[in-house]
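Subject: Structure for your review

Dear colleague,

I am passing on the structure we spoke about, and I would be grateful if you could look through it alongside the notes that follow.

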Amino acid sequence: MQSLAPAIVELIIVVGAMALLMVGVFSGKKAFKTVSWLSVGVLVVAMISTVSLPVERTYAFNGMFVIDGFAIFNKILILIGAAMAIMMSFDFLAKENLKRFEFAVLILLATAGMTMMVSASNLISLYMGIELQSLALYVLTAINRDSSRSTEAGLKYFVLGALSSGMLLYGSSLIYGFAGSLDFGEISQAVAVESVPFGMIFGLVFLLSGLAFKISAVPFHMWTPDVYEGAPTPVTAFLAGAPKVAAMALLIRVLFDVVPAMQDQWQQIIIFLSFASMAVGAVLALVQTNIKRLMAFSSIGHVGFALVGLSAGTESGVASVLIYLTIYLVMNIGAFALIMSMRRKEGMTENINDLAGLARTRPGMAAALAIFMFSLAGIPPMAGFIGKFFVFMMALEAGLTTLAIFGVLMSVIGAFYYLRIVKIMYFDEPVGEFDVGPSRGMKIISGGAAALIVLGFVWPAPLIAAANLAATSLFM
């Protein structure tokens with residue numbers, strides 16, 4: 001009998017989700033609060049279990065599931081993102097009359113899918129992880145049934161997600177047909193030949209297209225702005241963080257575990273996705289007036305920057321992507337904690353111009369948001385600069401000078417719309433004060449994230465060491 005120890009994190013989350021469904025049913029009016037806090041507890045227990053997993057590569061379920069330092073690093077990021085999303089949702093869902101205990105349970109199920117994605121070592125387990133994550137996210141996006149925007153966003157996400165799943169499955173079937181196996185290791189051996197069959201390259205393109213949808217890389221980004229704007233803000237905060245980490249980690253594992261011998265072919269695809277994502281993210285964000293849509297195009301641009309490091313195709317390039325993803329997750333958690341605090345008598349407001357004069361009415365909130373905007377723009381002394389510095393340096397080391405220069409230019413364009421928010425907060429006349437500032441919980445989350453952003457620039461050594469260790473384990 002095989003040990004289930006490598007999958008202990010997934011087992012804790014899934015069993016916890018099933019148990020909390022029953023708790024929610026029998027808890028009456030206290031169900032939302034009880035299940036939400038217990039869900040955070042489940043994620044904390046899963047996080048502790050993750051740290052105890054072996055760093056050496058270990059397989060389970062007949063080689064379909066793998067644990068190594070790379071998986072552990074990304075699982076920790078995913079669990080942190082999920083726990084923060086639940087904690088940030090408390091006040092928002094209460095004020096919007098959306099106190100449904102199913103919210104936290106769905107986040108747990110999506111998280112289980114994400115952690116499975118980063119441990120997939122077979123095309124079947126890869127697809128199972130993606131679908132478990134996706135189905136829960138479709139429901140979360142449309143959870144506000146009284147809002148036409150939320151329902152529309154959920155429907156768009158579902159339809160386009162089904163299309164991407166079809167592309168991914170078609171690519172997987174072609175790879176299976178030419179390699180004769182679903183196992184990552186056996187596929188890798190099948191393609192390690194001088195002349196790779198054209199059908200295998202065709203299948204790889206479809207597989208990468210399906211994964212590119214999950215990270216919202218151009219030209220598979222079309223769902224992102226509408227879903228980010230229409231979904232309830234806590235769901236948007238969740239979508240912008242943990243799922244991006246999981247999908248990017250899965251993409252990295254596929255490239256280096258499944259088709260390392262085809263690096264010349266897939267590198268061209270990744271470079272194109274990087275160029276296109278940086279350009280579209282930077283340019284289209286310039287004309288946005290809704291802050292959630294702006295963050296959507298911002299996320300598309302940041303995916304492009306992360307792909308710059310991946311384009312290098314090296315171990316240090318993978319480490320730079322992990323550094324970038326960690327910093328990006330912290331920036332998004334902090335920024336969305338403050339976006340959820342933009343509230344007036346008539347309800348939530350998402351217009352960027354409503355931040356006018358925020359530095360005079362709520363100076364603490366303005367200062368924290370300014371830190372996140374400077375970091376997203378990659379301006380020192382913020383950790384966002386460290387992330388961009390590493391991915392651009394890895395691209396230069398790999399001889400991708402044009403890509404690195406283009407990335408710097410897109411960073412300059414992107415700085416405009418981030419600094420425009422700072423200008424609106426500090427130099428425009430106030431248009432009216434928000435009714436209630438950030439709650440105590442939001443202050444702790446945004447303040448902690450802001451401190452980490454500054455600390456990440458001053459003392460990045462622990463993050464760099466952890467990312468290097470995780471990347472090394474992927475290549476062992």
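Directly after helix H17 comes Gly399, whose phi is positive, near 85°; please bear in mind for this and everything below that the model is predicted. H17 itself covers residues 383-397, and its 15 residues reach 21 Å from the first C-alpha to the last, close to the 21 Å expected at 1.5 Å a residue. Many of its positions are listed as buried, among them Ala383, Gly384, Ile386, Lys388, Phe390 and Met394, and what covers the buried residues of H17 includes H13 (291-311), H14 (315-339), H16 (363-377), H18 (401-427), H19 (440-458) and H20 (461-474).

With H16 in particular, the axes of H16 and H17 come within 6 Å and cross at roughly 10°, and the two helices are therefore roughly parallel to each other. In that contact Ser375, Leu376 and Ala377 of H16 meet Ala383, Gly384, Phe385 and Lys388 of H17, which by class gives four nonpolar, two polar and one charged residues.

A second helix pair worth your attention is H3 (residues 69-95) with H14, which pack at an angle of about 5° with their axes 11 Å apart; that angle makes H3 roughly parallel to H14. The contact involves, among others, Phe70, Phe73, Leu77 and Met88 of H3 and Val318, Leu322, Ile333 and Phe336 of H14, and by class it has 11 nonpolar, three polar and no charged residues.

Turning to the aromatic rings, the structure holds 18 aromatic pairs. One of them, Tyr170 with Phe206, is edge-to-face, at 4.9 Å centre to centre and with 90° between the planes; Tyr170 lies in H6 (residues 148-179) and Phe206 in H8 (residues 198-214), so the pair ties together parts that are 36 residues apart in sequence. Tyr170 is partly exposed, with a relative accessible area of 39%, and Phe206, at 22%, also counts as partly exposed.

Phe256 and Trp266 form another edge-to-face pair, with 5.4 Å centre to centre and 75° between the planes, and this pair links H11 (residues 242-258), which holds Phe256, to H12 (residues 263-285), which holds Trp266, across 10 residues. Here Phe256 is buried, with a relative accessible area of 10%, and Trp266 is buried as well, at 0%. Finally, Tyr138, Tyr157, Phe158, Phe213 and Trp223 form one aromatic cluster.

With best regards

Methods
Residues numbered from 1 in each chain as written. Predicted model: local features only at pLDDT ≥ 70, side-chain atom pairs only at ≥ 80, totals over all residues. Heavy atoms only, no water. Helix = DSSP H or I, 4+ residues; strand = E, 2+ residues; numbered from the N terminus. Expected span 1.5 Å × (residues − 1). Buried < 20%, exposed > 50% of the residue type's maximum accessible area, 1.4 Å probe, protein only. Contact = heavy atoms within 4.5 Å. Axes fitted to C-alpha atoms, helices over the stretch in contact; angles between N-to-C directions. Parallel < 35°, antiparallel > 145°, perpendicular 65-115°, else oblique. Nonpolar A, V, L, I, M, F, W, Y, C, P; charged D, E, K, R; others polar. Phe/Tyr/Trp six-rings, centres within 6.5 Å; stacked < 30°, edge-to-face > 60°.
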